[in-house]
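Subject: Structure handover and what was found in it

Dear colleague,

I am handing over the structure we spoke about, which you will find just below. After it I have set out what was found, going from one chain to the other, so that you can follow along in your viewer.

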Amino acid sequence: MEKATSRLRVLALLVVVMFLALSTRLWFLQVLASQGFNKEAHAQSIRTVYTDPLRGQILDATSTPTHPVVVVGNQESREVRIMPSELGDQGEAVVLRVSQITGVPVKEIAKTLQDPKYLPTQAIPVAEFVSKKVKFDIAEHPEQFPGVSVQSTFVRSYPLGTTAAHVLGYTGLIDSTQLDDWKKLGYGPNDIVGKNGVELSYEQYLHGQQGVTRLLVNSDGDVLSTVSSTKPTPGDDVQLSLNDHIQRLAQKALLAGMQHARSYHDQNGDLLRADAGTVVVMDAHTGGIVAMVSTPSYNPLWYERGATAAQSKYLNNGNIGAVNDRAIQLAYTPGSTFKPITGLAAVKEGYASLSGSYDCVGKYTHPGDTSGAQFVNWTSVDLGYMSIATALEKSCDTVFDAFGSDFYYTWANNPLGANADPLQGDLRQWGFEQPTGIDLPFETGGLIPDPAWASDQKTLFPYGWVPGGDILTMIGSGYVQVTPLQLARAYAAIANGGHLCTPHVVDQIIGPDGSVAKKIGGDCDQTVPYTADQLSYIRGALGSVVTGGTAQCAFAGFPLSRVMVAGKTGTAERANKQDTSWFASMVGPNPDKPDYVIVTMVEQGGFGGQTAAPITRQVIDGLYPKIGDASTPSCVTTDR
Amino acid sequence: MDLVATRTFAQERRPIRHVDWFLLLITLALCVVGLLLVYSATSQTLRQGGFDPFDRANKQAITMVLGVFVLLLLAAVDYRFLKIYAGFIYIASMASLLLVRLPGIGSTDPTGTAQRWFAVGPFQITPSEFTKLALIITLGAVLANIRTPEPTLRDIGKVLLLAAIPLGLVFLGPDIGTSIAITAIVVGMLIVAGTKLRHLIVLCLVGIIGIVLVFQTNLIKDFQRERLTAFINSQSVSADVRYNLDQSLIAVGSGGLLGKGYLHGIQTNLDYVPEQHTDFIFTVAGEEFGFVGAIALLALYALLVWRAIRIAWLAKDPFGTYVAAGIASMFAIQMFVNVGMVIGIMPITGIPLPFLSYGGTSILASFAAVGLLQSIHMRRFT
């Protein structure tokens, strides 16, 4: 047996090798690679189920806890849902029955069921807003509808329809950019989020917190127990500064005014098209937006529930631009509404004096300019010397043209100096050329043309900056572009003594318990460098525009002694389009402290005094219902 | 010689005085661990289904009690009788392998992927488990009769022929795990019998050629081919097989150094590992007791195999040596192939882990093997 001993050793050695192999592998699996396996073990055994919170409502300014005025709410919808895994072998028959009972085509149901965004274990919604009868029919015949259920869910409702669509916005499935930005905040790929308007800009308040239930599941997907569960927290309500009543009224006035304008002819004898416009009503002291109408508009439900082919075509038509909020997302040539502001700049820089008088010639030529370029007033008659106030009242271009020449000289004499283009600098102090910072998305900044900009525009300015640049800017013409909201904000500063308030459509956030969670707005710290006297002078001048100037006709018969209205008309030329009609105004019982600023703009609306001013009067009638007489004067004017 | 002294000497040599208590202790320890692991693997699923969570563990315990009787019986019988009846044992074993293939007598899984068994009341008897022991006894008898210092080619041929019949039948079972075990037993016993190195090498080459042929021809079924190669290339196999291996690796790997604690294994409780209470029972130990527990368990097996080799060395006659060596090879290869499969270094084959895997026949056969070892150990002086 001596030999057997050594052979047994061979056997023992083989066994030792086996144990070493197993131990090494175990060391790798359980010590070196353990963390990764641990992660995998947890990922597959805990399933997280999210319960969507009820989205916060959007309330109007007058809403109170006892009398809520809901402008965006939640509507209960009965949804038919199909669980594909429970259909069994009669899938086709069930889908056919569901189609018959709901009216949704079989094809559409089949397509929804195959949508890869749904998990196979999920009940897939195939029809919404079904009647109670459908619910009972399905509930009563479970054998005919295996795997089919009717469940209540909440969808967004927009009772105002088109009225404030641009302000309110709409919701939709989160997109990849939003998901990237908001992942940290706990958003997931199936979340419904704000896509535009307040729905987007206050998304974080409206959304609420999802309820999270963590379930322990086995390899068959059976739920064994609940690991943890938190209930969803409903989103905060958002109360607007916007007044539902004024908004409707302003929209009505704008649409009626545009309709009326389409019966007028332009200088060429064509009927005005008056196809788009906006009205902004702003609290002059807080920047709170009371009404903001933009037309043409759309119904948010087209985005929420899916648009018809015709609706999609309309929404995507760039010529109509229904999706654009014209108050903040498009910039326009302001025309003469700019003059109070450029006039103040001329005073500030010392080219004009509030006590001086200036010649209102019929045609203005820049001194020394031999090219023959002439800047014409709206009348070729020389109206003689006049004050700044009268120049504003009569909307005399040539007085302001001359100040433009002065600004040009300043630049030309020292183009590389520290303050080489004071006009542009002064205008930017009013907030032009940059977004106002309103709490709405996709705001644009407009343009204040200056020598630096001109040097980049070789086709428009082949010789660089020219006198015409400053001269046209002085009268709000040429390449100046402002948004109606920027103009309203600047006029509010004139009205309130020089404070530039950050505009806002939301006043406060109201928590689920009804308490005010946050106040929005009231930021009026930025000021413009003009004295109270200077601003008061301008207000007075704008008052005379209404009493005796270009807006006189529009306010004929209006009790101006009880409610002061001060404003400036504008008629801005626009390439390949009819003139833009403007009226920028301030209004209130106290002439020294107007309550509201109202800016009305109608694209292709003709003269300011003819279209925009009468619309504004309608809005004012609504703002002061006991004072206004609600008359609609027809004002055919020839001045600007 | 003094009569008294002779009697004392005879007393001293009574088999009952030479029980390998250490071996019994190891067996007991493995049984206790086995019951704990089976309970952990099955209780949660049973409770969910509304059954008694102890159901499987109880059945396993009953089997173990039966196993103890088998152990006592075989320990009581002089193993040398088995050498005399080796021929009968061999023929009976081959007959059972053939019978189990007959429809109506033997049963099998409807998928055809499991071992074949006889249904005896509530128990399933898998004859291939006993085939291994029968073959060990048979080959032990053949090798013990060799009178030359080393087995001649003729002897080797005889051994191979005797092994080939059960190997073929088990392989067609289809039961690749037991086939591997049989092969390892034959090799182990041939080594201990003193087969020349060059003969062993030739044997290995023939074996390798045979395996290649089996893979090339359609002798093995697709599911087997897949399972066998899963550990080499996990990308090329079907989701089912990969799932099996992945879940097993996750279970063992996530156990970490110290494990998640008894009855706290996520994979185990949630039934993620298929066949967890049978072939994949080691995952429970790996997940709940971690690296430390797994190594401790392997150490128990190492002690078991060491004890078997020691008995082979101490055995009074070559037959005892060969049988004990065969049993050592059997335990070692079953442990290695099973644990290796669970941790992904061996092919996935259906092979139970001795004393741990749930299943009556495997437990009984393991106890029988320990009984044989005891019989050899107890009679080393008589």
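B:L66 is a convenient place to begin, since this residue is partly exposed, with a relative accessible area of 38%, and is found in helix α3 of chain B. Please keep in mind throughout that the model is predicted.

B:L66 belongs to a nonpolar patch on the surface, which is formed by B:I62, B:V65, B:L66, B:V68, B:F69, B:L72, B:V120 and B:F123 and has about 720 Å² of accessible area together. The element that gives the most to this patch is helix α3 of chain B, residues 55–76, with 6 residues. A leucine can count as part of such a patch because the cut-off is a relative accessible area of over 30%, and B:L66, at 38%, meets that condition.

As for chain B in general, its secondary structure comes to 15 helices and 3 strands, and 53% of its 382 residues count as buried. The accessible surface of chain B is about 16,400 Å², with 70% of that area belonging to carbon and sulfur atoms. Among the contacts in chain B with a separation of 6 or more, 72% are between residues 24 or more positions apart.

One of the buried residues in chain B is B:S362, which lies in helix α15, residues 360–378, and has a relative accessible area of 7%. Leaving aside residues up to four places away in sequence, B:S362 touches B:E129 and B:P352.

Turning to chain A, you will find an open sheet of 3 strands in the order β1-β8-β9, with antiparallel pairing. Its edge strands are β1 (46–51) and β9 (223–230) of chain A, each of which pairs on one side only, and the twist averages 25 degrees from one strand to the next. Helix α2 of chain A, residues 34–45, packs on this sheet and touches β1 and β8 of chain A, its direction making about 45 degrees with that of β1(A). The pairing of β1(A) with strand β8 of chain A, residues 211–217, is antiparallel and extends over 6 bridges; within it, A:T48 has A:R214 in β8(A) as its bridge partner.

Further along chain A, strand β22, residues 577–588, deserves a look from both sides. On one side, 10 bridges join strand β21 of chain A, residues 564–574, to β22(A), the two running antiparallel, and A:V565 stands opposite A:V587 in β22(A). These two strands make a hairpin with 2 residues between them, in which A:N576 takes a positive phi near 60 degrees. On the other side of the account, 7 bridges join β22(A) to β23(A), again in the antiparallel sense, with A:A584 having A:V599 in β23(A) as its bridge partner. How many residues of strand β22 of chain A are buried? The count is 11 of the 12, so the strand is largely enclosed by the rest of the structure.

A hairpin is also formed by β18(A) and β19(A), with 5 residues between them, and A:G514 in its turn has a positive phi of about 95 degrees. Strand β18 of chain A (residues 506–510) and strand β19 of chain A (residues 516–519) pair in the antiparallel sense over 3 bridges, and A:I510 has A:V516 in β19(A) as its bridge partner.

Finally, some backbone details in chain A may be worth checking before you set up any calculation. Most residues other than glycine have a negative phi, and most peptide bonds are trans. The peptide bond from A:T295 to A:P296, however, is cis, with omega near 0 degrees, and A:P296 lies in the loop between β12 (289–295) and α11 (301–304) of chain A. A:E433 has a positive phi, near 75 degrees; this residue lies in the loop between α16 (422–428) and α17 (451–456) of chain A and is partly exposed, with a relative accessible area of 27%. A:Q604 likewise has a positive phi, near 55 degrees, in the loop between β23 (596–603) and α21 (608–623) of chain A, but A:Q604 is buried, with a relative accessible area of 3%.

With best regards

Conventions. Residues are numbered from 1 along each chain as its sequence is written. Chains are lettered from A and ligands numbered from 1 in the order in which they are written. This is a predicted model: local features need pLDDT of at least 70, side-chain atom pairs count only at pLDDT 80 or more; totals for chains, interfaces and linings use all residues. Side-chain values use heavy atoms; hydrogens and water are left out. Helices (H or I, at least four residues) and strands (E, at least two) are DSSP runs, numbered from the N terminus. Buried means under 20% relative accessible area, exposed over 50%, partly exposed in between (1.4 Å probe, protein chains only). Contact means heavy atoms within 4.5 Å. Accessible areas come from the Shrake-Rupley method with a 1.4 Å probe; for residues, only the protein chains shown count as cover. Two strands pair if DSSP finds at least two bridges between them. Patches are made of residues with over 30% relative accessible area and no salt bridge: like charges are joined within 9 Å, nonpolar side chains (Val, Leu, Ile, Met, Phe, Trp, Tyr) within 5 Å. A salt bridge is a side-chain nitrogen of Lys or Arg within 4 Å of a carboxyl oxygen of Asp or Glu. Axes are lines fitted to C-alpha atoms, for helices over the stretch in contact, and angles run from 0 to 180 degrees between N-to-C directions.
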